[in-house]
Amino acid sequence: MELYSDFKRKDDISRLASIIGSEVKKPVNIMEICGGHTHSIMKYGLNTLLKDKINFLHGPGCPVCVMPLKRIDEAVEIADSPDVILSAYGDMMRVPGTDSSLIKERAKGKDIRMIYSPLDIIKIAEDKNNSGKKIVFFAIGFETTAPMTAALLEEVISRRINNVFIHVNHVLVPPPINAILDSGDNLIDGFICPGHVSVMTGSGIYADIPLKYKKAAVIAGFEPYDILSGVLLIIKQINEGRPAVEIAYKRAVKEGGNKKAQDLVNKYFTVRDEFEWRGFGNIPKSGLKLKDEFKNFDAEYVFEDKLKELHLKAESYQTGKENAVCKCGEILRGKSKPDDCPLFGKACNPENPVGACMVSFEGACAAYYKYRNF
Amino acid sequence: MNKKKYERILLSHGGGGKETSELVGGIIFNGLYGRNDRKGDSYDLHKRRNDGNSAVNISGQKIKLLEDAAVLKSPQNIAFTTDSFTVSPIFFKGGDIGKLSVAGTVNDLSVMGARPLFLSLGLIIEEGFASEDLRKIIESISEEADKTGVRVVTGDTKVVPAGKADGIFINTSGIGDVLYENISVYNIADGDVIVVSGNVGDHGAAVMSQREGIEMDVEIESDCASLWDMINAVLGGGITVSAIRDATRGGLAAVLNEWAMAAGVDIYVEEGKIPVSGPVRGFCELLGFEPYQLACEGRAVFAVKPECAKKALDILKSHPFGKNARVIGVVGNNNDINNNSPDLKGKVILKGIYGVNRLLDYPSGELLPRIC
């Protein structure tokens with residue numbers, strides 16, 4: 001299959017859109033959880049194509065968007081040390097913390113590096129010019145990227161590297177979904193579940209959605225054809241009154257997921273009691289941390305004193321608080337859309353993002369800004 | 001310049017003394033004019049001066065070296081432009097900073113209908129830069145200049161302490177003879193047809209994939225090229241052209257937005273018609289970029305009168321740099337946009353393959369790849 005064309009063919013898309021149109025009895029509210037889906041929907045104008053039939057609500061599945069200010073402040077604080085090389089994924093660079101962002105700190109001369117794969121960190125650590133430096137990886141992402149971080153740690157340990165530390169910000173998909181559904185006042189009829197996450201986890205993690213909440217849950221890929229196939233399965237579940245977890249992305253996702261990746265994650269990580277999400281507050285059991293036996297690699301442990309100071313300062317100065325007008329919290333819970341926010345496109349734009357959803361390329365506001373379609 | 005003695009550029013090479021003279025003579029003059037002059041490897045300025053032979057023949061004019069300014073016979077209407085070049089990596093697939101610094105300025109003159117004649121060359125070199133790399137860069141400047149027949153007639157070299165520059169920065173200014181008058185962004189009007197001379201995004205994707213070590217199945221090559229010959233063919237072919245622009249930083253998206261805003265028009269582009277190579281499309285899908293926002297260094301965008309569009313396309317396609325030329329859109333509403341759309345004057349509208357329209361905005365901020 002040719003990935004860039006076969007799943008985009010105009011004829012197939014038109015045919016699927018018209019089938020969906022004829023199957024829909026009344027407008028259906030579908031939340032796509034993953035930012036990658038939001039991005040594809042806006043880029044290809046699928047929301048406009050299915051206007052009056054499907055109302056897409058944009059969920060909390062952009063790991064950059066849901067990172068609270070406090071965690072970014074921690075990264076900035078850790079980077080503020082001459083013997084530290086802080087590394088992070090590209091889209092984390094621009095995210096504003098309370099006073100600064102990694103990209104601004106880099107401009108001030110801090111050694112902050114953008115990486116594409118956690119294994120790039122091995123190269124940094126083994127570079128002789130960096131001996132004596134502490135290399136800190138600001139690890140973010142859902143179940144998709146956690147195995148890569150675990151693989152980094154495995155490699156660090158096997159090569160006996162002792163100057164790599166991980167600031168773990170990995171989060172899990174199901175807890176915020178449950179939080180949204182538990183809040184009761186949501187309009188959601190069904191979910192498009194993330195494709196890449198499911199490659200790792202398999203489909204089991206969404207079992208609560210149909211069982212406990214009686215909503216449709218379909219795992220989909222990211223091409224226009226994949227997304228519309230997912231939408232069609234959701235409509236069929238609704239019409240037939242049989243909520244279930246289904247896979248519309250069988251070329252990549254297996255029911256059991258990737259066992260090897262899961263084993264790696266389980267070997268090094270454990271679930272935190274709670275983790276703060278931008279727009280949600282603390283959600284129980286929603287984030288990962290390193291197991292105690294690996295605490296010597298945990299940046300939160302190694303830089304404990306520095307971070308304690310930061311947190312004390314934050315309490316006395318009331319930093320780490322969000323802009324009160326910003327609607328990112330509601331957007332991430334599917335209660336508002338970017339257009340509903342008074343800051344959208346005015347005070348808040350990609351050059352000067354106020355809220356989390358504008359910062360990341362995958363955020364709903366950034367997608368609306370970039371692909372305003374009509 | 002003694003190769004063994006100076007493997008790397010030293011601060012003293014910028015000091016204005018003997019070493020500067022050796023650098024300018026040995027690497028720069030030799031690279032730029034040596035091949036025309038055939039006086040042997042060494043371009044010993046002191047010797048030349050003693051021999052009373054301090055002028056070189058440039059574009060039919062005798063130009064004296066080592067004067068404070070070049071004295072040129074100028075044409076009636078000149079076009080004058082300047083551009084600075086920084087790129088990482090300095091040597092990339094399809095070119096290097098030297099080639100880029102000539103092609104960039106040549107293209108800026110060419111798109112104004114001016115035959116490029118003279119260039120200035122300003123070098124800011126970081127202490128410790130490999131002399132051999134500088135030699136290669138000067139050589140590719142010379143080679144690229146030959147392709148258009150443009151000549152470097154004045155220049156300057158500075159060396160800054162290690163850590164104060166990223167290897168080498170180059171500035172070139174250029175003077176051109178305006179052969180075709182009245183090519184201007186302000187001429188763009190409703191009905192004009194938008195033509196692009198080839199695949200977009202190649203340079204941006206090539207440089208970024210090499211800089212960041214992103215391995216692709218097919219290595220992407222920069223499109224870096226001097227476009228005077230191709231543009232001259234179009235203009236000399238009797239095509240009524242409103243405006244031409246080379247799509248550099250910001251890519252096709254930036255050019256079209258600048259046009260729409262400057263001319264106060266709305267421009268409609270069909271996504272399915274914009275030529276993008278498979279590897280560049282794959283690169284963009286992988287990292288979440290739009291090919292229309294990546295830089296090109298050898299592509300021109302034309303706004304031509306509708307009756308000339310076909311002929312313009314034929315001329316472009318018969319040129320080696322224009323083989324993949326396409327008509328991609330028109331200026332002004334062609335009436336199939338619904339009335340609910342926002343005010344579109346000054347905007348660029350991308351007509352998607354599924355019939356949904358969206359705005360094609362300027363790129364903004366640093367291009368940062370996504371994580372998943």
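**Helix α8 and the open sheet of chain A**

Student: What is included in the cover of the buried residues of α8(A)?
Tutor: Contact means C-beta atoms, placed from the backbone, within 7 Å. Helices (H or I, at least four residues) and strands (E, at least two) are DSSP runs, numbered from the N terminus. The cover includes β1 (28-34), β2 (54-61), α10 (208-211), β11 (274-277) and β12 (281-284) of chain A.

Student: Which residues of α8(A) are buried?
Tutor: This is a predicted model: local features need pLDDT of at least 70, side-chain atom pairs count only at pLDDT 80 or more, and totals for chains, interfaces and linings use all residues. Residues are numbered from 1 along each chain as its sequence is written, with chains lettered from A and ligands numbered from 1 in the order in which they are written. Buried means 20 or more other C-beta atoms, placed from the backbone, within 10 Å of the residue's own (exposed: 12 or fewer; partly exposed: in between). In α8 (residues 174-182), these are P174(A), P175(A), P176(A), I177(A) and I180(A).

Student: Which strands stand at the edges of the sheet?
Tutor: The open sheet is parallel, ordered β2-β1-β7-β8-β9 (chain A). Strands pair if DSSP finds at least two bridges between them. Each edge strand has a single partner, so one side lacks a neighbour in the sheet; the two are β2 and β9 (245-247) of chain A.

Student: What angle does α2(A) make with β1(A)?
Tutor: Helix α2 (residues 35-43) packs on the sheet, touching β1, β2 and β7 of chain A. Axes are lines fitted to C-alpha atoms, for helices over the stretch in contact; angles run from 0 to 180 degrees between N-to-C directions. The angle is about 125°.

Definitions and conventions. Contact = placed C-beta atoms within 7 Å.
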